[in-house]
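Visitor: I am new to this structure and would like to learn how to read it. Could you take me through some of its features in turn?

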Amino acid sequence: MEATHTLSLIGDSDQPKSIQTIGEEQAQNPYTELLVLKGHHDIVRFLVAIDDYRFASAGDDGIVCLWNVQTGEKLFELHAHTQKITALAAFPLSDSCEEKCHMILTASADRTIVWDCDNGRQIHRVSCFHSTVKCLTVLQRMEVWLSAGSDLCVWNRKLDLLCKTSHLTDADISAMIELPKTCVAAAVGKELVILKLKASRDGTEWDVSEIRRLLDHQDNIVSLVSVSDLIFASGSHAGEMIVWNSLDWTMRAYERNWDASLHVNPQQEIKLSQSQNEMSIQDLTCDDECVFAAVGKGIYVYNLQMKRVIAFQKTAHDSTVLHITYVPNRKLISCSEDGSVRMWELRERQHLTAEPVPSGFFNIWGFGRTSKQANHTAKKAPECATIFSLDLTGDLIGHSAAVQMFLYFGEHGLATCSADHLIILWKDGERESRLRSLILFHKLEQIEDLHLRPEMK
């Protein structure tokens, strides 16, 4: 593993005028140092956090690397897959489990493997699947994990196959999330399939049954996110986002005309609709109040209570946004096919009171009655509206190809992976400088203490 420190001084001279830019100083961007980690030989597609200071990476070279996020040290390099890795998941420690090791799960077309993160050894491997495993999901409440492709398998922590179902023959399962009442929402093409897991009292017999199919999406479902125990959301390739009730699986909200709701010029809206790829919802993230959607090249903030978009960046990146994550203090991070990682902040601008609307506005379009009421102003109840904006606070340029995803580690920084085969750890420059100073002072104290001891004798 090679690691190098350097400053990331990013300018805006090469940025097109259509996207928001930021000056070279980037006063609100703490990530002024970066650490380049080299361990892969092909596209790095997946990152997963193991605990507060370790993470795993995997991709098309079939290699799994375990890293220390504080130092950038490569802890283990795991070789067992002969084909590209298609899914990666972490199985965190549980108070009730007998095994006291952190585990990760890796899947490819050849096999699925469970690894011990503490010693880098294989715990178990499975190669009896009829199709490639497309996703791995850990259900922490039930202490089981699911592997899914054209069939769905349920496993316990001891790697026992609890049950298997293969009735989902329409298409492969591309994504899954855990729901209350021992249920799972699985994305199968255009459909959301609600599955229920049942276990016998002694836990020896398990069953998976289909209890509902939600057919409201018009195109393949690309992303799923669990907002809370009561709400989850799904996004499709056609730009549809649906907010669902997690208990009875009814639709709570539907959004598709992202730009229409923001009063964009109709001609621009028509132009956008011609390219479906530009409206695909590649990723969803959330906080308690909003769902953040990566729609084509843009980012939209959808308020769940208002049921509308409250802020947006229609062109947040030069290319498709591949991954977004909400971080504390109303901040958002996004990465794109254009190789950039950008930081945003949701800011409250001002409060406005709606003004009365002249009735003539409605008569232009043939609404209303042609009576004496037409001469009066159409009264609208005053209402307060908070105006929000999504402002660029940082632009991280370090990768030379599409950034697939990233992990946020709080004070330890940000880990990004890319098609350029690299992983970059972005570090808070001021914090790293303080840590280096403390280490230096500690060493000087040790040296001084060694010099004083002979004199004391």
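Guide: What follows goes through ring pairs, strands and sheets, and two single residues. Keep in mind that this is a predicted model.

Visitor: How is a pair of aromatic rings described?

Guide: A pair of aromatic rings is described by the distance of the centres and the angle of the planes.

Visitor: How many aromatic pairs are counted here?

Guide: The count comes to 6 aromatic pairs. One of them joins Phe55 and Phe409, with ring centres 5.8 Å apart and planes at 45°. Planes under 30 degrees apart would count as stacked and planes over 60 as edge-to-face, so this pair is tilted.

Visitor: Which parts of the chain does the pair of Phe55 and Phe409 tie together?

Guide: Phe55 lies in strand β4, residues 54-59. Phe409 lies in the loop between β33 (403-408) and β34 (414-418). The pair therefore ties together parts that are 354 residues apart in sequence.

Visitor: Is Phe55 buried or exposed? And is Phe409 buried or exposed?

Guide: Buried means under 20% relative accessible area. Phe55 has a relative accessible area of 0% and is buried. Phe409, at 10% relative accessibility, counts as buried.

Visitor: What are the values for the rings of Trp145 and Trp155?

Guide: The centres of these two rings, Trp145 and Trp155, are 5.3 Å apart and their planes are at 10°, so the pair is stacked. Trp145 belongs to strand β12 (residues 144-148) and Trp155 to strand β13 (residues 152-156), so the parts tied together are 10 residues apart in sequence. Trp145 is buried, with a relative accessible area of 1%, and Trp155 counts as buried at 3%.

Visitor: Which residues do ring pairs link into a cluster?

Guide: Trp258, Tyr300 and Phe312 are linked in this way.

Visitor: Which charged end sits over the ring of Phe91?

Guide: That of Arg157, which is 4.7 Å from the centre of the Phe91 ring.

Visitor: Now to strands. How should I read strand β15?

Guide: Start with burial. Strand β15 covers residues 173-179, and 5 of its 7 residues are buried, so it is largely enclosed by the rest of the structure. Next comes its pairing: 6 bridges join β15 to strand β16 (residues 183-188), and the two run antiparallel. Glu178 stands opposite Val184 in β16.

Visitor: How many residues lie between β15 and β16?

Guide: There are 3 residues between them, and the two strands form a hairpin. In the turn, Lys181 has a positive phi of about 60°.

Visitor: What general idea about side chains should I have when looking at a sheet?

Guide: In a regular strand the side chains alternate between the two faces of the sheet.

Visitor: What is the strand order in the open sheet that contains β19?

Guide: That sheet has 4 strands in the order β19-β20-β21-β22, with antiparallel pairing. At its edges stand β19 (221-226) and β22 (251-255), each with a single partner strand, so one side of each is left without a neighbour in the sheet. On average, neighbouring strands of this sheet are turned by 15° against each other, direction ignored. Inside the order, 5 bridges join strand β20 (residues 231-236) to strand β21 (residues 241-245). Ile231 stands opposite Asn245 in β21.

Visitor: Which strands stand at the edges of the open sheet with β3 and β4 in its order?

Guide: The order there is β3-β4-β5-β6, again an open sheet of 4 strands with antiparallel pairing. The edges are β3 (44-49) and β6 (74-79); each has a single partner strand, so one side of each lacks a neighbour in the sheet. The twist averages 20° from one strand to the next. Strand β5 (residues 63-68) is joined to β6 by 5 bridges, and Val64 stands opposite Leu78 in β6.

Visitor: How do I read the surroundings of a single residue?

Guide: Look at its place, its burial and its contacts. Thr137 is in strand β11 (residues 135-139) and is buried, with a relative accessible area of 10%. Leaving aside neighbours within four places in sequence, Thr137 is in contact with Val144, Trp145, Leu146 and Met176.

Visitor: Where is Ile113 found, and what is it in contact with?

Guide: Ile113 is in strand β9 (residues 112-116) and is buried, at a relative accessible area of 0%. With neighbours within four places in sequence left aside, its contacts include Ala80, His81, Ile104 and Gln122. From Ile113 to Ser127 the C-alpha to C-alpha distance is 8.7 Å, and they are 14 residues apart in sequence.

How values were computed: Residues numbered from 1 in each chain as written. Predicted model: local features only at pLDDT ≥ 70, side-chain atom pairs only at ≥ 80, totals over all residues. Heavy atoms only, no water. Phe/Tyr/Trp six-rings, centres within 6.5 Å; stacked < 30°, edge-to-face > 60°. Buried < 20%, exposed > 50% of the residue type's maximum accessible area, 1.4 Å probe, protein only. Lys NZ or Arg CZ within 6 Å of the ring centre and 35° of its normal. Pairing = 2+ DSSP bridges. Axes fitted to C-alpha atoms, helices over the stretch in contact; angles between N-to-C directions. Contact = heavy atoms within 4.5 Å.
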